[in-house]
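Visitor: I would like to learn how to read a protein model feature by feature. Could you guide me through this one?

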Amino acid sequence: MSQAPKNVAPLTPYSSADASIRAELSEIDASLRVSSLFFITSAIFWLMAGTILALIAAIKLHEPSFAAGSELTTFGRIRSAHMNAMALGFGNNMIFAVCTWIMARLCRTPIRHGGLLLIAGSFWNLGLTVGIAGIIKGDITSVEWLEIPKYATPLLAISYVLIGVWGIMAFRFRKGEHVYVSQWYFLGALFWFPWLYIVAQVMIIWAPAQGVVQSVTNWWFAHNYLGLWLTPMALGTAYYLIPKVLGRPIYSYYLSVLGFWSLAIFYNWAGVHHLIGGPVPVWLLSAGIVASVMMVIPVIVVAINHHMTLIGSRLNWWKSPTLRFVVFGAVNYTLVSIIGSTMALRTVNMTTHFTHFTVGHAHHGVYGFFAMIMFGGVYYMMPRVLNREWPSAFLIRVHFWMCALGILLMVFALQICGWIQGTQMNDAINYPDFLQIVKSTRPYMIIRSISGAMLMVGHIAFGLNFFWMLFSAGAHRVQQEGPTLLLSKKEGSKT
C-alpha cells in the first residue's frame with residue numbers, strides 16, 4: 001500500500017525519529033505477542049458462539065417452535081449461555097488482550113513470564129467452557145448474570161487473579177512517575193471486578209443471604225459488572241486511543257480525574273433502581289435513584305473531554321478505522337448513560353420495567369459502547385503486535401457498518417417495543433389479556449433477529465480479516481509505530 005500523505009503522518013502515534021522509544025515499544029509488543037493473540041483468538045471464538053446463541057434466542061421470541069425439539073435449546077438455557085459467552089468470553093478476553101497491552105505500553109514495562117499469563121488465560125477459557133456447557137446441560141443457577149454453575153466459578157476466580165496481577169505489577173514497576181488517565185480506569189477496574197464477583201458469588205451462590213438481600217446483591221453485581229468493569233476498561237481504552245491516533249493530548253487531565261472519581265462514587269449505588277416497586281427499603285431505592293441521576297456528571301465530563309479532543313479533526317478520525325469504532329462507542333456511552341439515568345426515575349421506570357426496553361438498554365451499553373471500543377482497540381494494536389497491515393480495508397468497512405447499523409436497529413426496535421409494551425401493561429382496561437400484549441411485540445422481535453443477522457455478518461468480516469492477517473506469511477510489513485492501514489485510495493488516509 002502507498003505511504004501516508006505528509007499531512008497525515010503527524011497523526012501517527014510515536015511517529016518521531018526517537019529510535020529508543022520505538023525500540024522500547026517494540027520490546028513491549030514482543031513480550032505480549034503470544035498472549036495477545038491467544039486472548040483475541042479466544043474472544044473471536046466466543047464472539048461467534050455468542051452470536052449464534054443470540055440468533056437462536058432471538059428467533060425463538062417470534063417463532064417459539066424454532067429449535068424446540070430438545071431441552072438443551074430451550075430459551076432460558078440458550079439466552080443465559082449467550083450472555084455469558086459474550087460477557088465473560090468475548091468481553092473479558094478482549095479486556096485481557098487490549099487493556100493489558102495498553103497498560104504495559106503506558107508503564108513502558110515488558111511483561112515478564114508471559115507463559116504464566118498464557119496458562120492463566122487457558123484456565124479462564126477452560127472454566128468458561130465448563131460453565132457454559134453446564135448452563136446448556138441444565139446446571140444453571142437461575143440468577144441473572146451469575147448463571148454459571150458453582151463448580152466452574154472457582155476456576156474463573158483463580159484465573160482472573162493470575163491475569164489481573166499482571167496489570168498491577170506492570171504499574172508497580174512502571175518507568176516514570178506520571179499516571180495516565182487510562183491507568184486510573186484500568187487499575188480501578190482490576191480491583192473492582194474480583195470484589196464484585198467474589199462477593200456476589202458468596203452472598204448468592206455459596207452462602208446465600210436471606211430474603212430480599214439476594215435480589216439487592218444480584219442487581220448490585222449485574223449493574224456494576226457493566227459500570228465498574230466493562231465501562232472503565234472501555235473508557236481507559238478510548239482515553240488512550242483518541243489522543244494517540246490524533247497525535248494530540250486529551251483536552252483536560254483534570255476533567256478526566258473528575259470523571260473517574262464520580263464514576264467510582266456514584267455507579268456503585270445505581271443498580272438498585274432496577275428493584276423499584278419491590279420489597280426493598282425506600283431509603284435504598286432512593287439512594288439508587290439519586291446515584292443514577294448523578295451519573296450524568298462523569299458522562300458529561302467524558303463527553304466534553306472526548307469532543308474537545310476530537311474537535312477540528314472530523315475528517316481525520318473518520319478516515320481512521322480505529323477511531324470510527326472508538327468514536328461510535330464513545331457517543332453511545334453518552335446516549336446509553338443518559339437513557340439509564342432517565343430510566344431510574346420512578347415515573348419512567350413504571351413504564352420501562354419488565355419490558356424489552358431494559359433489554360435494549362443492556363445491549364446498547366455492552367455492545368454499542370463497550371464492544372465497539374474494544375474492536376477499535378484491536379484494529380490499533382494488531383498492526384503493532386504483528387508488525388504488518390490489516391489485509392482488507394473492505395472487510396473493516398463491512399465490520400463497522402454491519403455492527404453499527406445492526407446494534408442501532410436492535411436498540412431502536414427493543415426500546416420502542418418496550419415503551420409500547422410497558423404502556424399496554426399499565427392499561428389493564430384496554431389490554432386485559434397479557435397474551436395479546438406479548439403477541440403485539442412479534443414485529444419488533446423479527447426486527448431484532450434481522451439486526452442479529454447483521455451483527456453476524458460484521459463479526460464474520462472481523463474474524464476473516466483477523467485470521468487473514470495472522471496467517472498471511474507474505475503480508476506487507478510496516479515499521480514499528482508507523483502507518484497501519486489505508487482504508488481506500490479514494491479516502492487517502494491511514495491510521
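## Reading the loops, helices and cores

Guide: Gladly. Let us begin at a loop: N387 sits in the loop between α13 (356–386) and α14 (393–425). Keep in mind that this is a predicted model.

Visitor: What is the sign of phi at N387, and about how many degrees is it?

Guide: The general idea comes first. Most residues other than glycine have a negative phi. In this structure, N387 is not a glycine, yet its phi is positive, at about 60 degrees.

Visitor: Which other residue has a positive phi although it is not a glycine?

Guide: Look at S142, with a positive phi of about 70 degrees. S142 also belongs to a loop, the one between α3 (114–137) and α4 (153–172).

Visitor: How do I decide whether S142 is buried or exposed?

Guide: Use the relative accessible area: under 20% is buried, over 50% is exposed, and in between is partly exposed. S142 has 65% relative accessibility, so it counts as exposed. N387 has 25%, so it counts as partly exposed.

Visitor: And where do A234 and S35 lie?

Guide: A234 is part of helix α6 (residues 213–246), while S35 belongs to helix α1 (residues 19–62). With a relative accessible area of 0%, A234 is buried. S35 counts as buried because its relative accessibility is 6%.

Visitor: Which residues are in contact with each of them, leaving aside neighbours within four places in sequence?

Guide: With those neighbours left aside, S35 is in contact with L117 and L118. On the same basis, A234 is in contact with F369, F370, I373 and M374. You can also look at a pair by C-alpha distance: A234 and W145 are 89 residues apart in sequence and 19 Å apart in space.

Visitor: How should I read the nonpolar cores?

Guide: The general idea is that in soluble globular proteins, nonpolar side chains tend to be buried together. Here the largest nonpolar core has 128 residues, and those with the most contacts inside it are F90, W229, M372, F375 and M382. Helix α2 (residues 75–107) gives the most to this core, with 19 residues. A second, separate core has ten residues, including W219, V272, L284 and L285.

Visitor: Which residues does M382 touch, not counting those up to four places away in sequence?

Guide: M382 touches L37, I40, N387, W390, F466 and M469. Notice N387 in that list: this is the loop residue with the positive phi where we began.

Visitor: Now for the whole protein. How many helices and strands does it have?

Guide: There are 16 helices and zero strands. The radius of gyration is 22 Å, close to the 23 Å that the globule rule gives for 495 residues, so the protein is as compact as a globular protein of that length. Along the principal axes, its C-alpha trace spans about 70 × 45 × 45 Å.

Visitor: What percentage of the residues is buried, and what share of the contacts joins residues 24 or more positions apart?

Guide: Buried residues make up 58% of the 495. Among contacts with a separation of 6 or more, residues 24 or more positions apart account for 83%.

Visitor: And what can I read from the surface and the charges?

Guide: The accessible surface comes to about 20,100 Å², with 71% of it belonging to carbon and sulfur atoms. As for charges, there are 30 positive and 15 negative ones, and their mean positions are 8 Å apart.

Technical notes. Residues are numbered from 1 along each chain as its sequence is written. This is a predicted model: local features need pLDDT of at least 70, side-chain atom pairs count only at pLDDT 80 or more; totals for chains, interfaces and linings use all residues. Side-chain values use heavy atoms; hydrogens and water are left out. Helices (H or I, at least four residues) and strands (E, at least two) are DSSP runs, numbered from the N terminus. The radius of gyration is taken over C-alpha atoms; the globule rule is 2.2 Å times the number of residues to the power 0.38. Buried means under 20% relative accessible area, exposed over 50%, partly exposed in between (1.4 Å probe, protein chains only). Contact means heavy atoms within 4.5 Å. Accessible areas come from the Shrake-Rupley method with a 1.4 Å probe; for residues, only the protein chains shown count as cover. Lys and Arg count as positive and Asp and Glu as negative; His and the chain ends are not counted. The place of a charge is taken as NZ of Lys, CZ of Arg, CG of Asp or CD of Glu. A nonpolar core is a set of buried Ala, Val, Leu, Ile, Met, Phe, Trp, Tyr and Cys residues joined through side-chain atoms within 4.5 Å.
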